[in-house]
Amino acid sequence: MKFPHSGLYQYCQNLGQHINKVLTATNQPLMKMYLPRRKKLILPYEPYHLVEHKWHKLIQPFLLDCRVWHAPFQSGRILPDKKRFPYLKVVLTIHDLNVLHEGKPEHIQQKSLAHTQSLIDQSDALVCISEFTKNDVLTHCSTGDKPVYVIYNGVSKLPETTGNVVAYRPTREFLLGIGYINQKKNFHVLLPLLQSNPDLELIIIGHHDNPDYVNQMRTQAQQLGVEKRLHLPGTVSEEDKCWYLHNCKALLHPSLAEGFGLPVIEAMQVGKPVFLSTLTSLPEVGGDAAFYFHSFEASLIQEVYSEGMKAFESLERKEAIRQNAARFDWEASARQYLSVYQSIR
């Protein structure tokens with residue numbers, strides 16, 4: 001849990017919080033969270049946190065009374081030894097097999113798949129966060145007779161009112177991108193929009209995951225003459241992210257590979273139009289309420305953007321956007337996970 005603003009961090013924090021909220025309401029024992037020593041999630045129910053220690057590699061007394069272990073990520077490193085704890089059941093969440101869709105070398109793809117397969121082999125039930133991910137898993141992995149469920153992520157309600165932004169504050173209307181800034185997110189294809197729309201800025205918030213790609217974007221912006229209207233403030237606070245979401249003209253997410261796509265739902269929740277690629281899970285999450293780039297030519301991106309903003313003026317489209325966001329609820333997701341736990345105990 002190195003990056004509190006990452007999707008995985010938010011997933012673990014929100015799911016843990018809402019599962020224990022449901023358990024508390026029904027007078028059931030709470031779920032315990034096993035956390036890295038230096039990277040604690042910000043969660044209530046502090047007495048139910050278990051902190052990792054080096055000696056846990058040799059002895060794991062906290063597993064003696066454990067009946068279900070939830071491994072929250074397909075690239076994780078911690079699973080109980082089923083030989084030592086044969087009664088313990090394991091649920092594995094698989095967020096994506098994006099390595100297959102990112103243009104990675106074959107040996108990297110196979111190494112990643114082999115690790116995921118090793119976790120699948122040790123699990124009793126699998127949860128995928130989208131139908132697209134489930135189809136990828138069934139196509140590229142061996143699941144045997146293990147049940148494979150689809151449980152969507154939820155979205156936390158953003159505050160209705162926001163304070164002043166601490167990071168860069170735009171001086172005009174702006175388009176917004178959210179996510180790790182790397183080749184997979186494909187943000188550079190949006191730069192020609194600044195040429196076609198000289199009244200707009202483009203702000204992309206998120207960890208600079210690939211410095212070479214960040215430099216490439218800045219160089220391209222200079223070549224297009226739009227460098228003064230491209231802003232890459234890096235990781236920002238949740239308060240600032242909320243401000244950007246409430247005040248942007250639209251969210252643009254031309255990603256090449258996503259297991260889910262949380263920023264899409266966050267933007268829709270506050271009634272913003274979203275523009276997405278048609279790749280991996282994004283059409284499943286954006287539904288009919290989003291606008292889609294079927295390719296990344298500058299002229300097509302401008303056409304989709306212009307037509308989408310015109311369509312967004314209708315009350316029907318604005319309502320459809322909010323209704324789509326309402327499909328994704330953390331409490332509903334928590335109840336579905338609890339049902340999976342109960343089914344294998």
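## A tour from strand β8 outward

Select Ile-205 and Gly-234: Gly-234, in β9, is the bridge partner of Ile-205. Strands here are DSSP runs of E of at least two residues, helices are runs of H or I of at least four, and both are numbered from the N terminus. The model is predicted: local features need pLDDT of at least 70 and side-chain atom pairs count only at pLDDT 80 or more, while totals for chains, interfaces and linings use all residues. Residues are numbered from 1 along each chain as its sequence is written, and side-chain values use heavy atoms, with hydrogens and water left out.

**The sheet around β8**

Extend the selection to residues 201–205, which are strand β8; β8 and β9 pair in the parallel sense over three bridges. Two strands count as paired if DSSP finds at least two bridges between them. Now add β7, which runs parallel to β8 and is joined to it by five bridges. One place to look is Phe-174, whose bridge partner in β8 is Glu-201.

Show the side chains of β8. Which way do they point? Glu-201, Ile-203 and Ile-205 point one way from β8, and Leu-202 and Ile-204 the other way. In a regular strand the side chains alternate between the two faces of the sheet. Five of the five residues of β8 are buried, where buried means under 20% relative accessible area, exposed over 50%, and partly exposed in between (1.4 Å probe, protein chains only).

Next select the whole sheet. Six strands form an open sheet with parallel pairing, in the order β9-β8-β7-β10-β11-β12. At its edges are β9 (230–234) and β12 (291–293), each of which pairs on one side only. From one strand to the next the twist averages 25°. Axes are lines fitted to C-alpha atoms, for helices over the stretch in contact, and angles run from 0 to 180 degrees between N-to-C directions.

Add residues 298–311, helix α9. This helix lies across β7 (174–178), β10 (250–253), β11 (274–277) and β12, and runs at about 175° to β12.

**The cores**

Select Phe-275. Leaving aside neighbours within four places in sequence, what is Phe-275 in contact with? The list is Ala-250, Leu-251, Leu-252, His-253, Phe-291, Phe-293, Val-304, Tyr-305, Gly-308 and Met-309, with contact meaning heavy atoms within 4.5 Å.

Phe-275 is also one of the residues that, with Leu-176, Leu-230 and Tyr-244, touch the most other members of the largest nonpolar core, which has 60 residues. A second, separate core holds 22 residues, including Ala-71, Leu-79, Leu-88 and Cys-141. A nonpolar core is a set of buried Ala, Val, Leu, Ile, Met, Phe, Trp, Tyr and Cys residues joined through side-chain atoms within 4.5 Å.

**Two asparagines with positive phi**

Go to Asn-27, in the loop between α1 (7–25) and β1 (33–35). Although not a glycine, Asn-27 has a positive phi of about 55°. Asn-27 is exposed, with a relative accessible area of 72%.

Then move to Asn-186, in the loop between β7 and α4 (191–196). Its phi is near 65°, again a positive value in a residue other than glycine. Is Asn-186 buried or exposed? With a relative accessible area of 4%, Asn-186 is buried.

**Two distances to draw**

Select Arg-37, in the loop between β1 and β2 (49–51). At 51% relative accessibility, Arg-37 counts as exposed. Beyond its neighbours within four places in sequence, Arg-37 is in contact with Val-51, Glu-52 and His-53. Draw a line to Leu-193, 156 residues apart from Arg-37 along the chain: the two C-alpha atoms are separated by 45 Å.

For the second line, start at Gln-110 in helix α2 (residues 106–121). Gln-110 counts as partly exposed, at 40% relative accessibility. Its C-alpha atom is separated by 35 Å from that of Pro-61, 49 residues apart along the chain.

**The whole chain**

Zoom out. The protein has eleven helices and twelve strands, and its C-alpha trace spans about 65 × 45 × 35 Å along the principal axes. Of its 345 residues, 51% count as buried. Among contacts between residues at least 6 apart in sequence, 66% join residues at least 24 apart.

The radius of gyration is 21 Å, which agrees with the value near 20 Å for a compact globule of 345 residues. This radius is taken over C-alpha atoms, and the globule rule is 2.2 Å times the number of residues to the power 0.38.
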